[in-house]
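The following questions and answers examine a protein model with regard to its strands, cores and cysteines. Please consult the sequence and coordinates while reading.

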Amino acid sequence: SSWGHIPKGRGFDTSLAYFEGGEDPVSQRTCADTMCFVPVNSSTQPPKEMKNFSSMPFDFWEDAHPARSRIGSGQHSDFLFNDIAIKTVEDHDPTKGPMFMYFAGSSAHTPLEPPQRFLELYPEDWYLDRRQYAALCTMWDEVLFNLTSALKAKGMWDNTILLFSSDNGGPVYWSLDDDFPHGAGANNWPLLGGKVSNWEGGVRVASFLSGGLVPPKMYGKKISSYIHICDWYATFCSLAGVDSEDKVAEMFNLPPIDSINQWPILSGETSEPLRTEVPISVDVQLELKGAGKFLNPKSSALIQGDMKYLEGVQVQTFHQGIKFPNSSRYGRLTDPLLFKRCPKKQGGCLYNITADPSEEINLAESFPELCKKMSDRVNELRKTAFQTKSDSSQRQKCYLQIRKNDNFFGPWLS
């Protein structure tokens, strides 16, 4: 919203990015529908409330200005990111210091618009959503290969730490737009649920570490200790020799950061878990058009050791099969059959996610004291939980800035 919030304001020397949670990756325009399912192209129709696609703002920003020169090629955004990332590596002078690069690929995200050559790698008899999602994951694999090849060609690989991590489980829900009969296409088998849920399919994600700075004794090792995505902040600060503490926040009596430096366990210095607790969510509320009253109740989830405690209404409560998705109308967010109620007053729900990662056996009745203890901990977390609230009064200022930017999103607060 402000110049301080964009990558340039946060310390990045160069950047190419979009601001919203998703975009159309081929046109670089803002999402056409609430859930960002409908592709912005000539083969699809705009949602009913929209006259046409041509008036939709572009959501693509380079450094401190709209990325006008980057749009219009018809290339997927991930290849545009690929080009600028490789050029950044090629132009970097290692003698002047290290480089931090954050590459947030958008390929495994709706709208599903894989280039044809990747789609052709998968059988035509696969359900289309599944085929498209697989194609986009293969495209991301190629982009990652291009980037690692550039680091090796530059002679930087031996002095590199490369972290790959998802930010959530795969999306396994169906579009809320009745005129667009498709879903998000992912598969979290054998885990329960998917993106936007507190189940393991929504929060247990793929991640790996590579690069020449990884100690040889850790090559090929699997680490089962918990690492929260927020932990990468303190981990990279430690590697860079930077203090991760937020002194300004401390001056205003705000709680300390949640991030934990995980390098000791990643480097093999210790095998003892550095994180034993993972607060997944506290009073999260999904607000989607057409979702009705079912998604209004708040839900929370907490992991401590082997156990996961949940309270409130949990969404996306279903297991996917090996070949999922293979039929239509799967994982509808408004389907009450996919809600699992874990009332706090009745002890919530409890699962041993080490012995039962698919979350099939609810242990709440067997361990009421543990449920009470974990529920009390959720109450403690409520005291410092923080979530920004949407300010509708700012929307008009945002639209005015779009007009000033010649139909591009951009920061509108000074």
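Q: Is strand β8 (residues 307-314) largely enclosed by the rest of the structure or exposed?
A: In this predicted model, burial requires a relative accessible area under 20%. Of the 8 residues of β8, 8 are buried, so the strand is largely enclosed by the rest of the structure.

Q: Which residue of β10 is the bridge partner of leucine 310?
A: Strand β8 pairs with β10 (residues 349-352) in the antiparallel sense, over 4 bridges. Leucine 310 is also the bridge partner of alanine 301, and 6 bridges join β7 (residues 299-304) to β8 in an antiparallel arrangement. In β10, the partner of leucine 310 is cysteine 349.

Q: Which residue of β9 is the bridge partner of glycine 312?
A: β8 and β9 (residues 340-342) run antiparallel and share 3 bridges. Within β9, glycine 312 is matched with cysteine 342.

Q: What is the torsion about the S-S bond of cysteine 342 and cysteine 349?
A: These two cysteines are joined by a disulfide, with an S to S distance of 2.1 Å. Cysteine 342 and cysteine 349 are both buried. The disulfide is left-handed because its torsion is about -95 degrees.

Q: How far apart are the sulfur atoms of cysteine 31 and cysteine 36?
A: The structure holds 2 disulfides, and the bonded cysteines, numbered in sequence order, pair as 1-2, 3-4. The link of cysteine 31 and cysteine 36 is left-handed, with -65 degrees about the S-S bond. Both cysteine 31 and cysteine 36 are buried. Their sulfur atoms lie apart by 2.0 Å.

Q: Why does cysteine 230 not bond to cysteine 237?
A: A disulfide requires sulfur atoms within 2.5 Å. Cysteine 230 is partly exposed, at a relative accessible area of 24%. The closest cysteine sulfur, in cysteine 237, is too far from that of cysteine 230 for a bond, at 12 Å.

Q: Does cysteine 371 count as buried or exposed?
A: The cut-off for burial is under 20% relative accessible area. Cysteine 371 has 3% relative accessibility, so the residue counts as buried.

Q: Which helix supplies the largest share of the largest nonpolar core?
A: The largest nonpolar core has 38 residues, and Leu16, Phe60, Phe81, Val89 and Phe103 have the most contacts inside it. Helices α1 (77-91), α2 (116-119) and α3 (128-153) each supply at least two residues of this core. The largest share, 10 residues, comes from α3.

Terms used: Residues are numbered from 1 along each chain as its sequence is written. This is a predicted model: local features need pLDDT of at least 70, side-chain atom pairs count only at pLDDT 80 or more; totals for chains, interfaces and linings use all residues. Side-chain values use heavy atoms; hydrogens and water are left out. Buried means under 20% relative accessible area, exposed over 50%, partly exposed in between (1.4 Å probe, protein chains only). Two strands pair if DSSP finds at least two bridges between them. A nonpolar core is a set of buried Ala, Val, Leu, Ile, Met, Phe, Trp, Tyr and Cys residues joined through side-chain atoms within 4.5 Å.
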